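This report introduces a protein model to a reader who has not met it before. The sequence and structure come first, and the description follows.

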Amino acid sequence: MTDKNISLHDQFSVKPEDLRYRCDPGLLEFESTEELEPLEEVIGQDRAVRSLEFGLSMQSFGYNIYAAGPPGTGKKSLLKTFVERLAAKKPVPPDIVFLHNFSDPDNPRAIKVPAGIGNEFNRDMEELVEGLRQEIPKALQSEDYEKRRTELIEKFQLKRAQLIESVQVRARKKNLALKGDGAQILAVPVVNGEEMTPEQFERLSEEEQGRIREQQKEISEEIQDAYREIRELQQRTQEHLKDLDRRIALIAAGHLLSNLRNKYIQLPEILDYLKAVQQNVLDNLSDFLQPEREGQPMQALMMGLRTGDRPDALSRYRVNVIVDNSRQKGAPVVIESHPTYRNLIGCIEREAAMGTLYTNFTMIRAGSILKANGGFLIVDIADLLPSPFAWESLKRVIQNCEVKIEDVSEQYGLVATAGLRPQPVSAQVKVVIIGNPHLYGLLYSLDEDFQKLFKVKSDFDVMMKRDHHRIGQYAHYVRRLCEGEKLLHFDRGAVAGLIEYSARIVSDQNRLSLRFSEIADIIREASYWASRNGGKLVGRSDVERAIEERNYRSNLLEERLQEMIDEKHILIDAAGEKVGQINGLSIYSLGDYTFGKPTRITAQISVGDKGVVNIEREAHLSGNIHDKGVLILSGYLHGKYGNRHPLALNASICFEQSYAGVDGDSASSTELYAVLSSLSGAPLRQSIAVTSSVNQLGTVQPIGGVNEKIEGFFTTCKLHQLTGEQGVLIPRQNIRNLMLKDEVIEAVREGKFHIYAISTIDEGLEILTGVPAGALQADGTYPPDSIHGRVQKRLDEIWEEVQHRLPTVVSAQSVQ
């Protein structure tokens, strides 16, 4: 290493102590988490909690909540805990029951009763029906009843006989005899006590025949009058019998209904229903006298289809409790994990019997919205949107404050069938939707109802600033999880290791992760490895083992790629110098695992007017952000070298052996170094890999995945053998993001590997080439021995060559 390189090394090298945040176990005021109290508060989600408190307490229309945040931040569990805490302070909402509508059986009544009254009323109605089954038959079979009934019937029969005898007497006076039954009665002439035959009648004179016919007509009218009077008498008698039945039944069973009315005197809707029940019972006393219809299923079924009842004719007196809050403490909190239309709104079930479907009001079922009435409903938008009709139905409920239970096919006019039309049920529910920020933006922009109905956004963060208080909260969280899941407790060294892993997740030395699903998994796995090794507490080594094992389960592809580099199937140089060639660093994400890998980037320069050509873009393997980064290179070259004459060159840039898509701008500075090397002829050190983006002014900008990229190149260098020359060039702003593995830090401490932090392209050029970048002089030129001076000279030569080839002045061309 030359003196110049040593000076650059000292100037830009990151110290080993800056490569990772270390959590000092000595600052943790406990020996193990068993000494701590379980965490009760929410960690690091102050903004989300404040939004939730506002949204959940705001009673005005439309102040429902959209909880936005990436997966793994504990949104659902936090929401459940937070909402349940608030719900416990609210009153218990009423029960919801459906009752038979005696005036319109196809339109069942929905009423609300105080919590616990629904099932109690159901039991009372069952007892009432059972009591009526016993009392009514008993009363209608008593001696007193039979005596009164017999008197009415005998009175009717006597009067009927008198009317008939009166007509017969008048007929005999006219020498006529009444012959026939109730359907048809004829007046037959009588001679000497015998009925006249047709032949005898024909032998009479016409005058005599006319007289007889006139008498027959008079008697027929009297017969009709008599039978009309008999029918009226019969009808009155039947009414008297029914009235007797009602009076006797009411005397016998009235106390049962009276007791219920007294019990529910404070509930007008139940009193109205009981009044209708009494009238219906008195109108259908025969239902209480008939035996069970076990032998007549089809007849009972047809009655059920017509009246809306099930085969049991007395089912109309049942109480269908669709929401029972008798055991509820505070307002309900419902988490709907499968938000289909049926599960949200409810349904009307059907049963099959004798090849026919039937239903009635007892088969109405509530959905999660009614179960959450008076409380809170939590739904994941990713589950809600794909379910047909569910999203629109939920919005309709919020807008109308009522739930209408019906078949979705009927609601949207797909099938027109006669069936139940239950009364709508009023519903007041606070809806909390869980989703990601992207879906929130789409719904807010594209769904005009969304912004009216979900006015509160609760943003869940993925990280929080690290301080002593937050570290203490982490330890209390470990205590709660260990206690709740019967895991081994952590000593303070293990907690310190967990804190460092949390910082690694977010790639920030000053912040901790709020993705507690991932943190919880490491806690569980560390407990497993500790118990497997016979430990009583989880130590730091167990946490490290859990992390290593988790990585090992997922890093097969990473190992295969590194093997291909070692076997020269993927060409990477980790030593020497080359012109127009440099090692960039790429990130590969497998979902549960992310790793870095070096990628060779090359640049070729020739005379032309195409400017910077992105080969990945031409091959349709480049994403928009990467294309933007390449265009920024054009801006840099124009600003740096295009003031004296147009840039007439072709500069092709390629990610070698890259056969999949490339995106992101973290290789834009790397590509620029390759172009400047190719133009200047200055070779680049292959022992140094580069990752950073750049702007048009040559300022290096921070990138993501810095730890994985450094570790990826470090692994490659280990395969080639560490020489002390290898390292990685990163943006200075990324120093705070460094949370490197111990083996990398140890190699840096021993001088076998280096991390260089730079702020400008010029600084990177000097490290990569060992040649000064060169500053712009007063005459608008660069020092001839500098990188920029060499580039400018090469561009001047290209311009002169273009001028020599073309007799006319070449018009200025923009670098594409």
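## A salt bridge between two loops

Arg350 is partly exposed, with a relative accessible area of 36%. The model described here is a predicted one. Arg350 forms a salt bridge with Asp407, and the closest N and O atoms of the two are 3.1 Å apart. This pair links distant parts of the chain: Arg350 is in the loop between strand 9 (346-348) and strand 10 (351-353), while Asp407 is in the loop between strand 14 (402-403) and helix 14 (408-411), 57 residues apart. Asp407 has a relative accessible area of 19% and is buried, because buried means under 20%.

## Other salt bridges

Side chains of opposite charge can pair when their charged atoms come close. In this model the count comes to 40 salt bridges. One of them brings together the side chains of Glu120 and Lys263, at 2.7 Å from N to O. Glu120 belongs to helix 4 and Lys263 to helix 7, so this salt bridge ties together parts of the chain that are 143 residues apart in sequence. Glu120 is partly exposed, with a relative accessible area of 26%, and Lys263 is also partly exposed, at 42%.

A further salt bridge is formed by the side chains of Arg685 and Glu725, at 3.4 Å from N to O. Distant parts of the chain are again linked: Arg685 is in strand 25 (residues 684-685), and Glu725 is in the loop between helix 25 and strand 29 (727-731), 40 residues apart. Arg685 is buried, with a relative accessible area of 9%, whereas Glu725 is partly exposed, at 29%. Elsewhere, Glu485, Asp521, Arg524, Glu525, Arg550 and Arg553 are joined into one network by salt bridges that share partners.

## The largest pocket

Rolling a probe the size of a water molecule over the atoms shows where empty space is left. The largest pocket holds about 1,500 Å³ of space. It is lined by 46 residues, of which Arg504, Ile547, Asn551, Tyr593 and Lys741 are the closest to its centre.

Several elements each supply at least two residues of this lining: helix 18 (492-506), helix 20 (540-554), helix 21, strand 22 (594-607), helix 25 (706-720) and helix 26 (742-749). Helix 20 gives the most, with eight residues. By class, the lining of the largest pocket has 20 charged, 14 nonpolar and twelve polar residues.

## Enclosed cavities

The model also has three cavities of 30 Å³ or more. About 50 Å³ of space lies in the largest cavity. Its lining consists of Leu132, Ile136, Ala249, Leu250, Ala253, Gly254, Leu257, Gln278, Val281 and Leu282.

The elements that give two or more residues to this lining are helix 4 (117-139), helix 7 (206-263) and helix 8 (268-283). Helix 7 gives the most, with five residues. Of the residues that line the largest cavity, eight are nonpolar, two are polar and none is charged. Helix 4 and helix 7 are also the elements that hold the Glu120 and Lys263 salt bridge.

## A nonpolar patch on the surface

Leu557, Tyr588 and Leu590 make a nonpolar surface patch of about 230 Å². Leu557 is part of helix 21 (residues 556-566). Leu557 is partly exposed, with a relative accessible area of 36%, so it passes the requirement of over 30% for residues of such a patch.

## Two residues with positive phi

Which residues other than glycine have a positive phi near 70 degrees? Phe389 has a phi near 70 degrees, and Lys568 likewise has a phi near 70 degrees. Phe389 is in the loop between helix 12 (381-384) and helix 13 (390-400), and Lys568 is in the loop between helix 21 and strand 20 (577-578). Phe389 counts as partly exposed, at 33% relative accessibility, and Lys568 is partly exposed too, at 49%.

Phe389 also gives a view of distances across the model. Its C-alpha atom is separated by 60 Å from that of His720, and the two residues are 331 residues apart along the chain.

Note on methods. Residues numbered from 1 in each chain as written. Predicted model: local features only at pLDDT ≥ 70, side-chain atom pairs only at ≥ 80, totals over all residues. Heavy atoms only, no water. Patch = residues over 30% accessible without salt bridge, like charges linked within 9 Å, V, L, I, M, F, W, Y side chains within 5 Å. Areas by Shrake-Rupley, 256 points an atom, 1.4 Å probe, with all protein chains shown as cover. Salt bridge = Lys/Arg side-chain N within 4 Å of Asp/Glu carboxyl O. Helix = DSSP H or I, 4+ residues; strand = E, 2+ residues; numbered from the N terminus. Buried < 20%, exposed > 50% of the residue type's maximum accessible area, 1.4 Å probe, protein only. 1 Å grid on protein atoms, 1.4 Å probe; cavity = no way out; pocket = protein on both sides within 12 Å on 5 of 7 lines; lining within 4 Å. Points joined across faces, edges and corners; volume = space filled by probe spheres on them. Nonpolar A, V, L, I, M, F, W, Y, C, P; charged D, E, K, R; others polar.
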